[in-house]
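Biologist: Please walk me through the contact between the chains and the packing inside them. Keep it short.

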Amino acid sequence: MLEHFNKAFESKARLGIMSVLMVNESLSFNALKELLNLTDGNLATHLRALEEQGYLNVQKQFVGRKPNTTYAATTDGRQAFTNHLNALEAFIRTGQY
Amino acid sequence: MDSSNRPLETLTEIRDLMQRSSKFLSLSGLSGVSAGIVALVGALVAYLRLKTDALSYESTSQLSELTRGEMMRFVLIDGTIVLVVALTLGMFFTIRKAQKVGQPIWSSTSKRLIVSLIIPLITGGIFCLAMFYRGILWVSFPATLIFYGLALLNASKYTVRDLEYLGISEVVLGLISLFLTGYNLLVWAIGFGVLNIIYGTVMYFKYDRKS
């Protein structure tokens, strides 16, 4: 059963990032930081890891003079996250935790 | 931090994050109650001043005490004051609730909520001004209710779902009063006053008291 758990989502922060991006089309770095209560460095590391997996789409643009980076979940990311949730659910159903 | 150790806890956290990130949940029930009270006062003032409830097209031509121009100006000023005071009080209670719960007030969700409210409201406002300008005074009363209802319906996607019921009630009331003319102020008082107060009270006991 446990092999169905996706390693990419093992940390609470990454799970949080994915959950939030499932219900929001895209979010800025600052919005994510506020929602998840993470430090800049910590959040950036997790975002990069998810991006490297191909689960996140990163868009860099400028709002006026300020750089603004927004993140969105890719189709792959949504699929992987859904599978992970299904595995969690199945695990709970067996009642052996 | 291995989350797979506590799947149930993890699922609860995921759900909470999804809710919190897509909906602005600090909307206070007291905002609705205060807006309703202000609207009732506004309708009462209008009733005392105009001494009639029938602002329908048949009767406006027969108003003797006030000229049509004076009446239009009075209704506009009264309506604007009610809107400004209701919005101010509404924001006050919502900001207070957000601070109490420790949620940010200016977030991506509150921005989305405001935009989804404001677009139908401004459309309705311009529509009513055009009706005023064309001299079709009575239409703007049901129209304000209809546009207000549509604005709430639109905004309900970004906050508590219950707002949907208030929106639908306002639209239905507005549509009815398009046909049942002659009770403009009464319908206005019910729509903006009574319905808001009922909704606000229900919301207050359902969500605010717990937190």
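The questions below take the interface, then the cores.

Modeller: This is a predicted model, where local features need pLDDT of at least 70, side-chain atom pairs count only at pLDDT 80 or more, and totals for chains, interfaces and linings use all residues. Residues are numbered from 1 along each chain, chains are lettered from A in the order written, and side-chain values use heavy atoms, with hydrogens and water left out.

Biologist: What area is buried between chain A and chain B?

Modeller: Contact means heavy atoms within 4.5 Å. Chain A puts in 22 residues and chain B 18 residues. Buried area is the accessible area (1.4 Å probe) lost by two parts on being put together, summed over both. Carbon and sulfur atoms give 71% of a total of about 1,800 Å².

Biologist: Which residue forms a salt bridge with A:Lys12?

Modeller: The rule wants a side-chain nitrogen of Lys or Arg within 4 Å of a carboxyl oxygen of Asp or Glu. It finds one such bridge across the interface of chain A and chain B. The closest N and O atoms are 3.7 Å apart, and the partner is B:Glu13.

Biologist: Which element gives the most to the largest nonpolar core?

Modeller: Such a core joins buried (under 20% relative accessible area, 1.4 Å probe) Ala, Val, Leu, Ile, Met, Phe, Trp, Tyr and Cys residues through side-chain atoms within 4.5 Å. This one has 31 residues, and B:Leu145 and B:Trp188 are among those touching the most other members. Helices are DSSP runs (H or I, at least four residues), numbered from the N terminus. With seven residues, the top contributor is α8(B).

Terms used. Buried means under 20% relative accessible area, exposed over 50%, partly exposed in between (1.4 Å probe, protein chains only). Helices (H or I, at least four residues) and strands (E, at least two) are DSSP runs, numbered from the N terminus.
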